[in-house]
Amino acid sequence: MELSSEPVVVTLEMSQITSKDDDGVGDYESLPPHVSVTTHMTAGAVAGILEHTVMYPVDSVKTRMQSLQPDPNAQYRSVYEALKRIIRTEGVFRPLRGLNITMMGAGPAHALYFACYERVKRSLSDVIQSGGNSHLANGVAGSVATVLHDAIMNPAEVIKQRMQMYNSPYRGLVDCVRTLTRTEGVGAFYRSYSTQLTMNIPFQAVHFITYELMQEQLNPHRHYHPGSHILSGAAAGAISAAITTPLDVCKTLLNTQENVALSSMNISGHLSGMANAFRTVYRLGGMPAFFKGVQARIIYQMPSTAIAWSVYEFFKYFLTKQQLESETGPRPM
């Protein structure tokens with residue numbers, strides 16, 4: 001009985017929220033004015049951690065599939081075949097290697113990301129569309145938020161991908177950090193930052209614009225509608241991931257400094273710079289090399305972004321409902 005009554009409760013509560021506006025469009029999309037930056041950041045942190053952890057094994061496969069000259073034992077035909085072989089030959093927990101640093105980075109990175117996105121989107125929308133929804137504002141807000149997000153997440157990405165690679169020489173997180181710092185210097189943690197930004201700014205611009213466009217079609221009144229948030233998030237993640245895969249391949253090469261690939265190109269020392277990464281990828285595999293791991297990347301991003309948006313939109317709905325109840329008192333049974 002309780003399960004079947006929940007959708008009715010949500011509908012009633014949202015109808016109360018939307019009834020405050022003459023045109024029937026509620027104020028759900030904007031968080032209540034009293035909500036602190038800490039609340040924005042908490043919602044973002046929870047969404048970010050879930051986004052990166054739920055599909056993490058597929059992310060491990062994607063890193064390996066993007067290897068330009070993989071070991072014969074690490075050549076995979078599909079995501080499923082890769083996961084099955086990794087678990088069988090390297091242990092059930094091997095696809096989760098590097099998850100700890102990802103969670104440590106994803107929390108604060110997404111906290112800043114969502115808080116910045118909401119603030120910049122609202123400010124720009126007020127200027128461009130007099131408070132209405134602006135695709136330009138959404139794209140710019142997503143791009144600005146990405147700069148902050150990547151500043152925190154880039155070192156975590158480097159460590160994560162080094163630990164995900166086949167025959168990774170690092171015993172664990174601490175060993176990886178110490179070895180990288182000692183042998184390559186602190187700069188190794190930001191060697192791919194410019195490439196990461198070059199990838200993520202268009203990724204997030206396309207991501208947010210696609211999400212908002214989908215919401216206009218599926219959820220024009222911006223009610224809390226989990227199905228529309230999941231579908232919009234999944235579509236936004238898939239399209240953004242496919243478009244930016246070539247940059248992701250270059251980022252993986254810069255992060256992992258794949259020894260076999262660099263040696264075959266007679267590159268001594270460490271590869272740096274986006275232009276050098278592009279040239280190296282092309283020389284080693286031509287145009288097809290830029291789309292290595294695209295299947296795994298899309299499979300990872302679709303549910304990840306769907307989870308992130310559905311969790312974040314739930315927080316927004318929940319906080320708006322809490323504000324309504326504090327103003328009018330709890331709804332009678």
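Start by selecting lysine 160, which is found in helix H6. You are looking at a predicted model, so keep that in mind as you move around. Is lysine 160 buried or exposed? Lysine 160 counts as buried because its relative accessibility is 3%, and the cut-off for that label is under 20%.

Now show what surrounds that side chain. Leaving aside neighbours within four places in sequence, lysine 160 is in contact with Tyr56, Asp59, Gly98, Ile101 and Thr102. Two of the residues to highlight here, Tyr56 and Asp59, also appear in the list of H3 residues that meet H6.

**Next stop: helix H3**

Select residues 56-65, which make up helix H3. How do H3 and H6 pack? Their axes are 9 Å apart and the angle is about 75°, which makes H3 roughly perpendicular to H6. On the H3 side of this meeting you will find Tyr56, Asp59, Ser60, Lys62, Thr63 and Arg64. On the H6 side, colour Lys160, Gln161 and Gln164.

Stay with H3 a little longer, and ask how many of its 10 residues are buried. The answer is nine, so the helix is mostly covered, by the cut-off of under 20% relative accessible area. Those buried residues are Tyr56, Val58, Asp59, Ser60, Val61, Lys62, Thr63, Arg64 and Met65. To see what they pack against, show helix H2 (37-54), helix H4 (79-90), H5, H6, helix H10 (245-256) and helix H13 (294-328).

**Out to the surface: a nonpolar patch**

Go back to H6, and this time select valine 140, which lies in that helix. Valine 140 counts as partly exposed because its relative accessibility is 34%. Add Val127, Ile128, Leu136 and Val144 to the selection: together with Val140 they make a nonpolar surface patch of about 430 Å². Which helix gives the largest share of the patch? That is H6, with three residues. H5 and H6 (135-164) each supply at least two residues.

While you have these helices on screen, a general point may help with reading them. An α-helix has 3.6 residues a turn, so residues three or four places apart point the same way.

**Along helix H5**

Select arginine 122, whose place is in helix H5 (residues 99-128). Arginine 122 counts as partly exposed because its relative accessibility is 29%. Add serine 134 and draw a distance from C-alpha to C-alpha: the two residues are 9.5 Å apart in space and 12 residues apart in sequence.

**Over to helix H8**

Move on to valine 206, in helix H8 (residues 193-218). Valine 206 is partly exposed, as its relative accessible area is 26%. Alanine 236 is 30 residues away from valine 206 in sequence, yet the two are 7.3 Å apart in space, C-alpha to C-alpha. Show Ile239, Ser240 and Ile243 as well: valine 206 is in contact with these residues, leaving aside its neighbours within four places in sequence.

**Zoom out**

Finish with the whole chain in view. What kinds of element does the chain have? There are 13 helices and zero strands. Of the 333 residues, 51% count as buried. Among contacts with a separation of 6 or more, 78% come from residues 24 or more positions apart. Switch on the surface for a last look: the chain exposes about 15300 Å², and carbon and sulfur atoms supply 63% of that area.

Definitions and conventions
Residues numbered from 1 in each chain as written. Predicted model: local features only at pLDDT ≥ 70, side-chain atom pairs only at ≥ 80, totals over all residues. Heavy atoms only, no water. Helix = DSSP H or I, 4+ residues; strand = E, 2+ residues; numbered from the N terminus. Buried < 20%, exposed > 50% of the residue type's maximum accessible area, 1.4 Å probe, protein only. Contact = heavy atoms within 4.5 Å. Patch = residues over 30% accessible without salt bridge, like charges linked within 9 Å, V, L, I, M, F, W, Y side chains within 5 Å. Areas by Shrake-Rupley, 256 points an atom, 1.4 Å probe, with all protein chains shown as cover. Salt bridge = Lys/Arg side-chain N within 4 Å of Asp/Glu carboxyl O. Axes fitted to C-alpha atoms, helices over the stretch in contact; angles between N-to-C directions. Parallel < 35°, antiparallel > 145°, perpendicular 65-115°, else oblique.
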